[in-house]
Structures are given as structure tokens and as C-alpha cells.
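Here are a few short exercises on how chains meet. Have your viewer open and try each task before you read its solution.

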There are 4 protein chains.
Amino acid sequence: MKEIDFNCDVGESYGNFKVGNDEALMPLISSCNIACGFHGGDPLTIEKTVKLALNNNVQIGAHPSYPDLMGFGRRYIQLPIDELQAVVKYQISSLKGITESLGGKLSYVKPHGALYNSIANNEEEAIAVIEAILMLDEDLAIMGLAGSKLENTAQKKNIKFIKEGFADRNYLPNGNLAPRSEEDSVISSVEETVAQILGIVEKGKVKTAEGEIDLYVDSICIHGDNPLAIEILQEVHNLVHQQQLSIKKFTI
Amino acid sequence: MKEIDFNCDVGESYGNFKVGNDEALMPLISSCNIACGFHGGDPLTIEKTVKLALNNNVQIGAHPSYPDLMGFGRRYIQLPIDELQAVVKYQISSLKGITESLGGKLSYVKPHGALYNSIANNEEEAIAVIEAILMLDEDLAIMGLAGSKLENTAQKKNIKFIKEGFADRNYLPNGNLAPRSEEDSVISSVEETVAQILGIVEKGKVKTAEGEIDLYVDSICIHGDNPLAIEILQEVHNLVHQQQLSIKKFTI
Amino acid sequence: MKEIDFNCDVGESYGNFKVGNDEALMPLISSCNIACGFHGGDPLTIEKTVKLALNNNVQIGAHPSYPDLMGFGRRYIQLPIDELQAVVKYQISSLKGITESLGGKLSYVKPHGALYNSIANNEEEAIAVIEAILMLDEDLAIMGLAGSKLENTAQKKNIKFIKEGFADRNYLPNGNLAPRSEEDSVISSVEETVAQILGIVEKGKVKTAEGEIDLYVDSICIHGDNPLAIEILQEVHNLVHQQQLSIKKFTI
Amino acid sequence: MKEIDFNCDVGESYGNFKVGNDEALMPLISSCNIACGFHGGDPLTIEKTVKLALNNNVQIGAHPSYPDLMGFGRRYIQLPIDELQAVVKYQISSLKGITESLGGKLSYVKPHGALYNSIANNEEEAIAVIEAILMLDEDLAIMGLAGSKLENTAQKKNIKFIKEGFADRNYLPNGNLAPRSEEDSVISSVEETVAQILGIVEKGKVKTAEGEIDLYVDSICIHGDNPLAIEILQEVHNLVHQQQLSIKKFTI
């Protein structure tokens with residue numbers, strides 16, 4: 001039976017502004033990416049989210065962002081390299097400290113939004129982020145887009161790379177995600193999403209407009225703000241009960 | 001010869017907004033309180049300030065604040081206790097992580113501005129802050145107003161307390177600082193400031209409007225935004241060269 | 001048939017952080033209080049909310065706050081009086097300008113959250129806010145708690161006062177709202193809420209734990225973040241169709 | 001005798017963070033660009049700066065920015081066009097309202113930093129900004145780089161364009177400013193700066209590395225954060241007293 005890790009972006013609420021449904025998601029996933037305050041995630045939300053992860057035995061990753069609360073970290077901001085590194089170190093450190101104060105362990109870093117997309121392709125920024133991570137803790141892994149340039153950069157810089165695939169996003173023939181600006185970028189039915197998950201896990205394949213391509217991943221992301229997230233994950237758990245699938249934290 | 005620690009608030013610049021003169025101050029002091037982003041201190045400023053402290057062999061403390069960039073942390077904000085703790089943990093963690101990534105060690109915490117004043121008297125907030133600090137690292141000390149209630153609270157909670165005195169502020173007969181709103185609260189001549197330093201270090205005494213009172217301290221604060229700060233510290237170093245005084249980091 | 005104005009707090013989303021359900025509420029109310037950026041309401045949200053109000057022929061009020069995005073403006077911040085006035089003027093001006101640029105008119109100001117509560121009782125802050133409003137536009141009204149001190153202050157300062165009552169909050173025998181910290185402060189059934197509305201509109205009375213008290217209002221607030229808000233307002237519209245009630249903008 | 005307007009960026013302080021020396025500059029200039037809160041300029045600073053401008057009979061312009069306090073508005077942020085327009089309208093409105101509340105008049109808009117540079121070349125953003133300005137007030141002018149594409153765009157959109165030249169920046173042969181990243185971009189002597197001013201005013205010419213080029217301007221900017229700003233402006237006033245030059249607000 002194939003084993004796979006499921007991750008969600010969590011802890012993105014900010015004060016009175018609520019995002020996602022972390023309490024319902026946490027029992028259904030094996031890893032979580034916790035916002036660090038720069039696109040979402042005020043300190044109290046972070047603290048509560050770490051506790052929730054620990055209570056549900058969910059592996060904890062940091063989810064740092066460009067400093068852009070108003071834009072939810074979805075806009076590219078060209079920071080000087082030293083500032084980018086400091087921004088990343090600040091955020092990861094805050095989450096790491098809070099996690100350890102509650103008896104937990106920070107396992108990995110998954111950059112958020114525009115920063116995720118940037119380091120998938122921009123090697124200079126990727127190296128900066130990787131070096132910042134390694135300065136904080138040499139045992140941290142970095143999670144990023146499976147098949148992207150980042151995979152090679154990570155190998156060069158000798159950091160464990162967690163290959164991520166997406167359950168609810170359509171892929172382009174070149175292995176990139178269809179951009180959100182395109183109509184068809186998000187898969188909106190539970191059935192198709194689960195089919196994509198099974199294709200990835202069982203066959204290492206994903207559909208595109210021009211036929212299947214290879215996709216090998218260590219973890220599958222379900223977007224927590226997808227209104228179908230809970231339903232999709234419950235369906236995944238049905239497959240687990242039917243022994244078609246096993247959910248298991250990726251190892252570092 | 002009497003030994004004493006001198007500390008300054010540093011790292012309070014924010015992006016293009018420059019505060020203080022950290023480069024000139026650092027070589028003259030033994031401990032520094034580095035802003036953590038909530039009243040000043042963007043990530044790059046923090047990183048540079050930690051490096052500056054390490055290069056000058058200056059002991060590093062965290063300087064967390066209420067979340068109030070517009071008010072520079074000088075306004076009391078009544079946070080729920082769990083939120084106050086999370087806010088403090090977030091800031092200390094960020095500084096601790098960056099410091100350790102550069103090979104340094106975080107030694108203590110000195111709350112900033114309105115939070116400093118609040119925990120000097122408000123035991124509930126003081127306990128919350130102390131517990132937050134200890135959850136992060138049991139070896140951290142807390143720096144606060146010498147002679148304040150916080151001294152007792154720290155003893156009760158079993159955290160090392162660093163008694164702080166002020167070189168450039170007038171004291172009230174009850175041992176409190178004359179509030180900044182009063183005309184005479186800040187000492188504005190180098191001579192008087194140095195005299196106050198010597199009185200504290202050599203005799204454990206400080207002048208008030210109604211006669212001298214006892215004041216025992218582990219560290220003396222020079223406000224970095226005092227335009228005379230450099231001059232005062234240079235005068236202090238003259239006293240060091242004349243062997244009237246020795247500057248030494250407080251021990252924890 | 002009794003006429004009454006219904007108002008909601010709207011435009012409180014911030015970037016990707018969504019609050020309330022303005023599109024569903026707007027067609028059901030006669031006045032709206034639009035956030036101005038300091039507790040919620042980024043510029044694009046403000047622009048869209050003003051358009052929505054104009055399209056639904058809803059009267060527009062500004063909803064300024066203490067500067068406190070993380071606390072959603074629900075924490076008291078003691079600002080110097082000149083800063084409080086500037087903070088209020090800045091926010092109202094931004095909304096007024098955007099409203100007029102779209103062909104609309106700003107009619108009134110309803111301070112938000114902790115600022116609403118503060119000026120209900122603190123005459124110094126109330127006068128400061130009123131003077132700030134009148135400096136911007138002498139024709140603006142101020143909306144506040146019916147029966148509060150602010151009513152007298154407004155009369156003294158010669159600004160039109162809009163007396164506000166609450167549909168979904170329990171009242172104390174002295175006419176104040178039961179504080180949110182008390183268990184019973186929010187009315188949680190549609191029936192009771194509608195009964196309270198009818199009591200206020202038809203008889204000028206509201207129930208308290210110790211019997212009915214007088215309550216004369218110009219406008220009734222339905223909290224947009226009350227999950228029953230839409231249902232309550234639909235029930236109100238049923239009463240309108242049954243000619244028990246008429247919804248009408250208050251006049252200034 | 002040639003007449004020319006001098007402008008400075010002012011009101012850029014933020015709470016305790018002080019930028020520039022507005023009190024000394026204001027008596028020496030004829031127009032000022034006041035920050036609107038998004039790269040600098042808290043509400044109280046704005047209010048005080050408007051008063052200072054009015055007391056010195058200085059013409060008032062709005063100085064809106066991308067939302068980027070940490071980066072002082074110097075980083076390009078790709079906002080969707082409708083958001084860019086809302087961001088600009090929000091900021092100009094806040095300044096316009098405060099200015100009018102103090103009996104003044106907003107005359108023009110000079111976008112700040114990265115937004116200034118973007119609209120000099122990016123016609124789509126330029127049109128968006130111009131339309132936003134005109135929706136607020138058809139009589140407002142826009143100030144921008146003399147000789148840039150924006151000049152044509154402004155003409156097309158029928159908004160008065162104020163051609164701006166720079167006293168203390170070196171020009172490229174193509175009429176653009178030498179980028180700040182280049183060593184030689186800022187002129188650092190008072191004499192050369194004044195010579196550049198005289199060349200522009202008297203001959204409509206400016207030096208470049210490859211010879212003089214034409215430069216016709218309506219207003220000359222002195223950067224307030226240039227440490228020589230006061231000295232340069234005093235030298236300009238000496239020329240005024242010697243009747244070599246006359247300082248006069250540009251007309252709209």
C-alpha cells in the first residue's frame with residue numbers, strides 16, 4: 001500500500017480575521033505549514049496552531065512570506081538578498097522558538113505564496129533562502145514544487161528537499177501549475193481531486209491538457225481555504241480505511 | 001574599583017527610518033537590548049545589530065514590546081494574558097534564533113516602553129511575561145526597574161533579575177522614575193549624568209528632590225536617543241581609564 | 001406604521017482576510033458604517049463597499065477606529081488628544097474622498113469598537129472626536145449609544161446625534177450594553193432579536209434583567225458578523241411586507 | 001529674472017521615527033509633497049506638516065506610495081489596477097480632507113518612490129493613477145519626471161502635468177536619472193548642485209556624462225533627506241537676494 005504525506009497551510013488567521021478551518025483540518029493531515037506573521041498569523045494564532053498540531057501529532061513546518069499582510073504574501077517583492085535572508089530567518093525563528101517552548105520540533109520550511117513561486121525558478125533567491133534556513137538549523141528541510149529548479153538548487157546546497165504536489169490544482173504539460181489567473185487552474189470537484197491524488201500516489205503521474213506527465217512527490221498539499229478541503233480529506237481517509245492508501249509523515 | 005554594566009536600547013531603526021547611533025554606541029557598552037520588530041527593528045536591522053553586538057563583544061538581550069509601531073511601544077495596550085505571552089514569545093524567539101544563527105547567545109530580556117512600565121507594577125502581566133520567557137529558555141534573565149515590584153515577582157518565579165538604574169533620568173523619593181511628562185524628568189547635562197552614575201556605582205545612592213535614596217543596580221541604562229549618549233559614555237570611559245570605574249557585563 | 005433605520009458595520013475585510021457578508025447584507029439595510037483602514041478595510045475593499053452601498057441606495061457613514069489591525073480596534077489605546085483627532089480625520093477623509101469620487105455623499109461617522117465605547121463615557125475624547133468631525137464637514141452627524149453621555153456632549157458641541165440601539169445585544173438596567181465578556185451579552189435567537197427590535201421601534205422599550213427600560217433610537221444596529229444577521233434582517237423585511245414596520249434612513 | 005518652483009518631500013516621519021527636517025525646509029521652498037501614510041506619514045505628522053505648509057504659504061501636494069512602510073515605498077509592488085487606483089485614492093483623500101479641514105487646498109499629486117518611477121514609464125499604471133486622481137478632483141495636477149513618457153500620458157488624459165527636475169541627481173544622456181545604485185548618481189557638493197539648478201533655470205540645460213541635454217521643468221526637487229538640503233536652499237535664497245533667480249509656485 002502506497003504511503004503519502006498530506007500537508008495544509010494553517011495558522012493564517014490574523015487577530016479577528018479568520019482564515020481556514022484549522023481545527024477540522026488538523027486531525028486529517030500529517031504535516032502542516034504554519035504562517036509566521038508576515039502574510040497572516042499573529043502571535044496568539046501561531047501559539048494556538050502549534051498546540052493544535054502537537055495535539056494531533058502533525059509534523060510542523062514554518063511558512064514564511066514576503067512582508068505583505070495586505071497582499072497575503074501573494075505579490076512578488078524584490079528584496080535585497082540580505083534583507084530577504086533576514087526576513088526569512090526572523091519568521092522561522094519565531095515559529096521555531098514557540099514550537100520548542102511547547103515541547104515540539106520544527107521539521108521543515110515551506111515558503112509561502114509569491115516567495116514559493118519565486119524560489120521555484122529564481123536561483124539567487126532560492127540560494128539565499130536555503131542558506132538562511134541552514135544558518136538557523138542544519139536539520140531543517142525545505143519543501144517546494146516537485147520538479148522545479150529548486151530541487152536541483154537544494155541538492156547543490158545540501159539541504160533535504162521535500163517534493164510537493166498539489167491535489168486541487170491543474171498542471172501544465174511542463175510540470176508547472178496552471179496559474180491562478182487561468183479559469184481552469186483549480187480543480188473544483190471532490191472526485192477529480194481524489195483521482196489526481198490517487199494518480200500521483202499510485203502511479204507517479206498527473207494529467208495535463210496534453211496527456212499525463214510524471215510527478216513524484218513526498219507530500220501532497222490540500223489548500224485549507226479550498227471549501228472542499230475537509231470533504232476531500234475525508235474521502236482520502238475513506239481510502240485509508242479501505243487500505244488503498246496510507247497517510248504517513250514524510251521523513252527528513 | 002567598582003564594576004558596573006552599561007546597557008543601551010539598540011536596533012530600533014525600521015527600514016529607512018533611522019533611530020539612534022548604534023555603531024557609535026556599541027563599542028562603549030557591555031550589554032544591549034535589541035528591538036524585536038514590534039516597536040522598531042525590521043529583520044535586517046535586527047540581523048545587523050546582532051552582528052554589531054557580537055563584533056563588539058556586547059551581551060545581547062531581547063527588547064520586546066506591545067505591538068505598536070506607530071506609537072513606538074510607548075502606549076499601554078491591554079492584551080489578554082495568553083496574547084501577551086504569545087506576543088512576547090514571538091519576539092524573543094525571533095531575536096534568539098537570529099542571534100544563535102550568527103554564533104551568539106541570547107542572555108536576557110528587557111521589555112520595552114509601556115510594557116517595561118506595566119510589569120514593574122502589574123503583577124499579573126509580570127508573571128505572564130516571566131512565564132513566557134522561561135518557557136523559551138530557563139537560563140534567560142529579566143531586566144527591570146531596580147526596586148520595583150517586579151524584583152519580588154522575579155524572585156517568586158525563580159528567574160534571575162537584573163536590577164536596572166537610569167543614568168539620565170531623575171528619580172522620585174519613592175524610587176520610581178520621574179515621569180517623562182514632567183519637565184525635569186530627564187537629566188540634560190553630561191556632568192550631572194556622570195555624577196548620578198558615580199553616585200549609583202560607588203555609593204548605591206541616587207539624588208531625589210527630597211534627599212538621597214538607596215539604589216542598588218546591576219546595570220545602568222543610557223538612552224541611545226539621548227543626544228548626549230555618546231558624550232556621556234565617553235566620559236564614563238575616561239573614568240575607566242582613570243581607574244575610577246570598571247565596565248563589566250552583569251553575570252546571570 | 002413606525003419607521004426605523006437599520007445599520008451594519010461593513011467593509012471590514014482586509015486584503016485576503018474576509019469579514020462579514022456585505023453583498024448579502026447591503027440590500028437589507030438603510031445605513032452602513034464603512035471601515036476606514038485602521039481596524040479593517042484596505043483601500044480596495046473600501047472602494048468596493050462604497051460602490052455596493054451606492055448601488056443599494058444605502059446611506060454611508062465612516063467607521064473610524066484606533067490604529068489596531070491586530071486587535072480589530074477592540075482595545076483601548078490612550079492616544080494624545082491631538083493624535084486622536086488626526087487619526088480620526090485621516091480615516092474619515094479617506095472614506096469621504098472615495099465616496100465623493102464615486103458620486104456619493106458621506107452622511108455620518110460612527111466610531112468603531114473601543115473608540116465607540118470610550119467616547120460614550122469619556123467626555124474629553126468625545127469632544128476631540130466631535131471637533132475633528134466638524135472640522136472636516138459641519139454637516140456630518142455622529143452616531144453613538146442612545147442614552148449615553150455622548151448624547152449630551154453632541155448637543156453641547158452642536159453636532160447632530162444619531163441615537164443607536166442594538167438588536168442583538170442585551171441591555172443592563174442602567175441602559176448600557178451587557179459587556180461582551182458576560183455570557184448573556186449577545187442575543188442568540190432570531191425570535192428574541194426580532195422581539196427586541198419591535199419593542200424598541202413600537203414602544204421605545206427594551207427588556208433588561210430587572211424589567212423594561214426606555215430606549216429611544218434613530219437607528220438599530222445588526223452586527224454583520226452575527227451569523228444570524230441575514231436571517232434577522234429577512235425576518236425584519238417580512239414585518240415590512242406585513243406593514244408592521246417601515247425601514248427608512250434616519251435624517252440628518 | 002527667471003522664476004522657478006522648489007519642492008521637497010516632507011511629512012515622512014512616522015510616530016517616533018523622524019525623517020528629514022521639515023521645520024527648517026518649509027520656509028525655503030514654494031511647494032511640498034506630503035507623505036500620506038503608506039511609506040511614511042502617520043496622521044499626526046500629516047496634520048502638523050499641513051499646518052507648517054500653510055503657515056509658510058507653501059503649495060501642498062499629495063505624495064502617495066505603494067503600501068510599504070518597511071521598504072519606504074522604494075520597492076515596486078505589482079498591484080492589480082483596481083487596487084492601485086484604490087490605494088492612490090485612499091491616500092490622496094486622506095491628505096485632501098486634512099488639508100481642507102485646516103483651510104488649505106490640495107493642488108497636485110506627486111507619486112512617491114517606486115510608484116514615481118513606475119508611472120514614468122509604465123503607461124498602464126500611469127493611466128490608472130491619473131484616472132484615480134481625476135475622479136477625486138479634476139483640478140489636481142500630477143507632478144512627474146520632466147521628459148518622461150508620463151508627460152505624454154498626462155496630455156492624453158487631459159491632466160495638468162508639472163515637469164519636475166532634480167537639483168541633486170545626475171542625469172543620463174537620455175534624460176533619465178542615473179540610478180541610485182550607481183556611485184555617481186547623487187551630486188554631493190553644494191556648488192555643483194546650485195550650478196545644476198542655474199543651468200536648468202537659466203538655460204533649460206543639464207549636464208550629462210556625454211554633454212548637455214535640454215531639460216525644461218516647472219519645479220525643482222531638493223531631497224529633504226539630502227544632508228546638504230538646507231545649505232543648498234540657503235544658497236538658492238542668496239541668489240534670490242542677488243536677483244539672479246525668483247522662487248515662485250508653479251501654476252496649475
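**Exercise 1. Through which surface do the copies, chain B and chain A, meet?**

Solution. Start with the interface residues of chain B: 100% of them are also interface residues in chain A, so the copies meet through the same surface. A word on conventions: the model is predicted, local features need pLDDT of at least 70, side-chain atom pairs count only at pLDDT 80 or more, and totals for chains, interfaces and linings use all residues. Residues are numbered from 1 along each chain as its sequence is written, chains are lettered from A and ligands numbered from 1 in the order in which they are written, and side-chain values use heavy atoms, with hydrogens and water left out.

Next, superpose the copies by least squares on the C-alpha atoms of residues with pLDDT of at least 70 in both. A turn of 180° with a shift of 0.0 Å along the axis lays chain B on chain A with an RMSD of 0.0 Å. The two copies are thus related as by a two-fold rotation axis. Within chain B, B:Ser94 comes closest to that axis, its C-alpha lying at 2.1 Å.

**Exercise 2. Describe the interface of chain B and chain A.**

Solution. First, count contacts (heavy atoms within 4.5 Å): 22 residues of chain B and 22 residues of chain A take part.

Then take the buried area, meaning the accessible area (1.4 Å probe) that two parts lose on being put together, summed over both. For this pair it is about 1,800 Å², 68% of it on carbon and sulfur atoms. B:Pro43, B:Leu44 and B:Tyr90 lose the most area in chain B, together 33% of what that side buries.

Finally, look for salt bridges (a side-chain nitrogen of Lys or Arg within 4 Å of a carboxyl oxygen of Asp or Glu). The rule finds two here, including the one where A:Lys89 meets B:Glu47 at 2.9 Å, N to O.

**Exercise 3. Which three residues of chain C supply 59% of the area that chain C buries against chain B?**

Solution. Begin with the contact, which joins nine residues of chain C to nine residues of chain B. Together the chains bury about 700 Å², with 60% of it on carbon and sulfur atoms. The three residues sought are C:Met70, C:Arg75 and C:Ile77, which supply more than any other three.

One of these, C:Arg75, also forms a salt bridge with B:Glu83, the closest N and O atoms being 2.4 Å apart. The count between chain C and chain B is two salt bridges.
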